Amino acid sequence: MNIFNVYKNVFERSINRKFYLIFSLGSTIVAMLLAIYFTSKLSIGANIAFVTNSKNVNFKSSVVQVDVLHEKIKESELFSGKYDAEVIDEGRGKFKIETFKSDKFKKAIQSFLIGDTNVKFDSTVKRGVGTNILGFMIMFLFIQAFLFMSLFIEDKQNGTFKRIATTPAGVIKYLMGYSLFNLTINFVPSFLVLLIEKYIFKVNIGFSIGTYICLLMLMSFMATAYSLLLCSLSENHDNCSMYSTTIVIATSLLSGNFYNINGKNYILNNIIKVLPQKNYLDIAVNIENGKAFSDSLAKLTYIIVFNLLLFVIGIMFTQRRFKKGKY
Amino acid sequence: MNFFILLKRDLKNLAFNPGYVIFEIGLPILLALILGYLNGSSYRTGFSPYNYYAITIPIFSALYASTLTANNFMERQIKDTNLRVIYSPIRLSYIYISKTIASFLFTSFGIIVSSLYFKFILKTNYGGFNAIYAFIVILATCFMFSSLGAMMCCIFKSEEAANKVQSIFINIFVFLGGVYFPTEGFGKVISSLSWISPAKWTFEAASRIIYDNDLSMMMPLILIYMAVAVGSLIICRLTFKVEDYV
């Protein structure tokens, strides 16, 4: 029995649980479709409520969306982010600006009101479409990778693992087969989603298809290595899925998958630098800015080495436990 | 009386599991700290970035109550115990009602602990006394999702399937509801899309209560949430079959 037999076996076993497969894949695909659609519709800039008594107010700008109102807005509308600022027209060219945002932001609005229509906002969205799409996908893909890899924990719980591991296939081939299965199930649906978005919904997805193939391969590899390690360490499915959710959400947010990070904490910034997701998004940004491949080489090597390490640790751990007769 | 014995057992199952405790108390606090840190420089001085997350993170916990119910209901070891309970002389409905209430109580405890942390350690603004009403809405959300979790389990007959389906939906809701960052400011399409998420409704109600002293959304929302909760418990009754356990 070689790796591909295990692969086929795992594949067929999950295909047999149609309901399970359809739902998990279906919901991830829906989530990704939504996320990409969402990203492509992101409007960059600021929303301002302009409160005035006069009727001839006309603002034209590509970066600022101005709603002209005649009544003051509620404080909760500022809080919930519906409006970034409220500008009250006090007549004779005087304005009062109410906002929860930073002073820098307030200054930008002031210069906008004076007539600078191309004012630069320190907006949360500074990156291109491609990086944003990958940022959204990375979280969903990591969650999905764990969902499918957790079949391995089930195997351990119901004894299937023991039976396969004692055949000539052994632990290593078994885990390799599983990882290969996980790679496919991570890569193929997410790639299909991108194709659907590009050719059916005609959404601008940023990078070319070729670039996406490489980047998604890398992402699937990261997700697989991470989930293999976690599932090797754990014997209990539910606990592990709780830990996984915690880890995935925290690390994805820290690596700035939704927006660029602008914090200034020295210790946290150094922790963030170590995260593979952060390095991954940096590579995407580099490609987006048209930088040479050599600029990303160090980060790429780091990601591959880091994840290979996770992979090897996961396999060794399972093998040691197996030899000690834990299963 | 029998019911309380069951409830006590279910609560103990939750409370003595380190995974759940970390998830309910550790993760909310960690998330608020991370998100607050990430957005630190985009708010004006005097307005804590934690103010926003002190409201959205409890909503996040409330939504995840459903995965907790699912775990506490149909996890492999617990499923066997359920079988024994089924054949003891108690009402069948006690099983899923007790699971729902246990996960509601446990999550509420987590929400209250993390909110007290936000209030007294991070010094966030919850408004005045009205904050109590905001938290009543959040707890109602929590109750609805606890019973939805039980319903999913009864429909899918297994914890794994139920959780896989739920976790993706909850993630979408959490995201659209603006838990990680405000989704209102991203244009008309997204802000109208975000209204499919209950997290959004709760957030809107809570922020109106805290910032505008406007209680108008509170009662309708609580009624809707309770109706959904009762509805899903009725579905549990219709779909919960003893045969699935044997």
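## Cysteines, cavities and a chain interface

Across all chains of this predicted model, there are zero disulfides. The cysteine pair to look at is in chain B: B:Cys154 takes part in no disulfide, and its nearest cysteine sulfur, that of B:Cys236, is 3.7 Å away. Why does the sulfur of B:Cys236 form no bond with the closest cysteine sulfur, in B:Cys154? The separation of 3.7 Å is too far for a bond, because a disulfide needs two cysteine sulfur atoms within 2.5 Å. For background, a disulfide is a covalent bond that joins the sulfur atoms of two cysteines.

Are these two cysteines buried or exposed? B:Cys154 counts as buried, because its relative accessibility is 2%. B:Cys236 is buried too, with a relative accessible area of 0%.

### Where the two chains meet

Let us turn to the contact between the chains. On the chain B side 58 residues are in contact with chain A, and on the chain A side 58 residues are in contact with chain B. The area buried between chain B and chain A comes to about 5400 Å², and carbon and sulfur atoms give 68% of it. Which three residues supply more than any other three of the area that chain B buries against chain A? They are B:Tyr37, B:Leu38 and B:Lys164, which supply 14% of that area.

In sequence, B:Leu38 is the end of helix H2 (18–38) of chain B, and B:Asn39 is found in the loop between that helix and helix H3 (50–74). B:Asn39 counts as buried, because its relative accessibility is 7%. The C-alpha atom of B:Asn39 is separated by 21 Å from that of B:Ser61, 22 residues apart along the chain.

### Cavities

How many cavities of 30 Å³ or more does a search of the whole structure find? The search finds four. Here are the largest and the second largest side by side.

| Cavity | Volume | Lining | Classes in the lining |
|---|---|---|---|
| Largest | about 240 Å³ | 19 residues | seven nonpolar, 10 polar, two charged |
| Second largest | about 120 Å³ | 14 residues | 13 nonpolar, one polar, no charged |

Both chains have a part in the lining of the largest cavity: A:Leu147, A:Ser241, A:Thr245, B:Asn163 and B:Ser167 are the lining residues that lie nearest its centre. The elements that give two or more residues to this lining are helix H5 (129–158) and helix H9 (237–254) of chain A, along with H3 and helix H7 (159–176) of chain B. H9 of chain A gives the most, with six residues.

For the second largest cavity, the lining residues nearest the centre are A:Ala31, A:Ala35, A:Phe140, B:Ile172 and B:Phe175. Two or more residues of its lining come from each of helix H2 (18–41) and H5 of chain A, and likewise from H7 of chain B.

### A buried threonine in chain B

One more residue rounds off the tour. B:Thr100 lies in helix H5 of chain B, which covers residues 93–120. B:Thr100 is buried, with a relative accessible area of 1%. What is B:Thr100 in contact with, leaving aside neighbours within four places in sequence? Its contacts are B:Thr69, B:Phe143, B:Ser146, B:Ser147, B:Ala150 and B:Leu233.

Methods
Residues are numbered from 1 along each chain as its sequence is written. Chains are lettered from A and ligands numbered from 1 in the order in which they are written. This is a predicted model: local features need pLDDT of at least 70, side-chain atom pairs count only at pLDDT 80 or more; totals for chains, interfaces and linings use all residues. Side-chain values use heavy atoms; hydrogens and water are left out. Helices (H or I, at least four residues) and strands (E, at least two) are DSSP runs, numbered from the N terminus. Buried means under 20% relative accessible area, exposed over 50%, partly exposed in between (1.4 Å probe, protein chains only). On a 1 Å grid over the protein atoms alone, a cavity is a set of points where a 1.4 Å probe fits but cannot get out, and a pocket is an open set with protein on both sides within 12 Å along at least five of seven lines; lining residues have an atom within 4 Å of a point. Grid points are joined across faces, edges and corners, and a volume is the space filled by probe spheres set on the points. Ala, Val, Leu, Ile, Met, Phe, Trp, Tyr, Cys and Pro count as nonpolar, Asp, Glu, Lys and Arg as charged, and the others, Gly among them, as polar. Contact means heavy atoms within 4.5 Å. Buried area is the accessible area (1.4 Å probe) that two parts lose on being put together, summed over both.
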